[in-house]
Amino acid sequence: MSFQAYLDNIEDKTGLTPRQFVALATEKGFGPGTKAGEIVAWLAEDYALGRGHAMALVHVITKGDRIAAKHVDSGTAHSDPSDTLWLDGKASNPANG
């Protein structure tokens, strides 16, 4: 599953976009430098997200919308067509055209 697909699935499950999760995390004091375990625990408790989906949000919350170039069109399980993730909801993603 691509990184973007993880984020889209989270939106399907919770009704919240990745950008909304970033805002909620910021309100809780989470951001760059926050340990993954703290964020994973919050997402599991409040949103019933499993570790894989939570870790996708950990990346977005702590590192932003960019992924390493090595994952772009890599043909691996987490390959994405772009190094920039769409955070504003899958319905508005131009790539879903």
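This is a short walk through the helices, aromatic rings and a few single residues of one predicted model.

Ground rules, briefly. The model is predicted, so local features need pLDDT of at least 70 and side-chain atom pairs count only at pLDDT 80 or more, while totals for chains, interfaces and linings use all residues. Residues are numbered from 1 along each chain as its sequence is written, and side-chain values use heavy atoms, with hydrogens and water left out.

Helices and strands here are DSSP runs, numbered from the N terminus: H or I with at least four residues for a helix, E with at least two for a strand.

Let me start with the aromatics. How many aromatic pairs does a search of the whole structure find? Four. A pair means rings of Phe, Tyr or Trp (its six-membered ring) with centres within 6.5 Å; planes under 30 degrees apart are stacked, over 60 edge-to-face, and the rest tilted.

Take Phe 21 and Trp 42. Their ring centres are 6.4 Å apart and their planes sit at 75°, so this pair is edge-to-face. The pair links distant parts of the chain. Phe 21 is in helix H2, residues 18-27, and Trp 42 is in helix H3, residues 36-47. That is 21 residues apart.

Buried or exposed? Buried means under 20% relative accessible area, exposed over 50%, and partly exposed in between, with a 1.4 Å probe and protein chains only. Phe 21 has a relative accessible area of 0%, so Phe 21 is buried. Trp 42 is at 7%, so Trp 42 counts as buried too.

Trp 42 also pairs with Tyr 47. That pair is edge-to-face, 5.9 Å centre to centre, with 90° between the planes. Tyr 47 is at 22% relative accessibility and therefore counts as partly exposed. Put Phe 30 in, and Phe 21, Phe 30, Trp 42 and Tyr 47 form one aromatic cluster.

Next, how the helices pack. Two packed helices are described by the angle between their axes and the distance between the axes. Axes here are lines fitted to C-alpha atoms, for helices over the stretch in contact, and angles run from 0 to 180 degrees between N-to-C directions.

H2 and H3 first. Their axes come within 12 Å and cross at roughly 110°. H2 and H3 are therefore roughly perpendicular; the classes are under 35 degrees for roughly parallel, over 145 for roughly antiparallel, 65 to 115 for roughly perpendicular, and oblique for the rest. The crossing is right-handed. By definition, the near helix is turned clockwise from the far one by less than a right angle; anticlockwise would be left-handed. Phe 21, Leu 24 and Ala 25 in H2 meet Trp 42, Leu 43 and Tyr 47 in H3. Contact means heavy atoms within 4.5 Å.

Now H2 and H4. The angle is about 65°, with the axes 10 Å apart. H2 and H4 are therefore roughly perpendicular to each other. Their crossing is right-handed. From H2, the contact uses Pro 18, Phe 21, Val 22 and Ala 25. From H4, it uses Leu 57, Val 60 and Ile 61.

H4 itself covers residues 51-63, 13 residues in total. From first C-alpha to last it reaches 17 Å, close to the 18 Å expected at 1.5 Å a residue. The expected span is 1.5 Å times one less than the number of residues. Buried residues of H4 include Ala 54, Leu 57, Val 60 and Ile 61. The buried residues of H4 pack against helix H1 (3-14), H2 and H3.

One residue of H4 deserves a stop: His 59. His 59 is buried, with a relative accessible area of 17%. Which residues is His 59 in contact with, leaving aside neighbours within four places in sequence? Phe 3, Gly 64, Arg 66, Ile 67 and Leu 85. Gly 64 comes just after H4 and takes a positive phi of about 90°.

Ala 48 also has a positive phi, about 55°, although it is not a glycine. Ala 48 lies in the loop between H3 and H4.

Last, the segment after H4. Ala 91 is there. At 83% relative accessibility, Ala 91 counts as exposed. The C-alpha atoms of Ala 91 and Asp 8 are separated by 9.4 Å, at 83 residues apart along the chain.

Asn 93 is in that segment after H4 as well. At 10% relative accessibility, Asn 93 counts as buried. Not counting residues up to four places away in sequence, Asn 93 touches Gln 4 and Trp 86.
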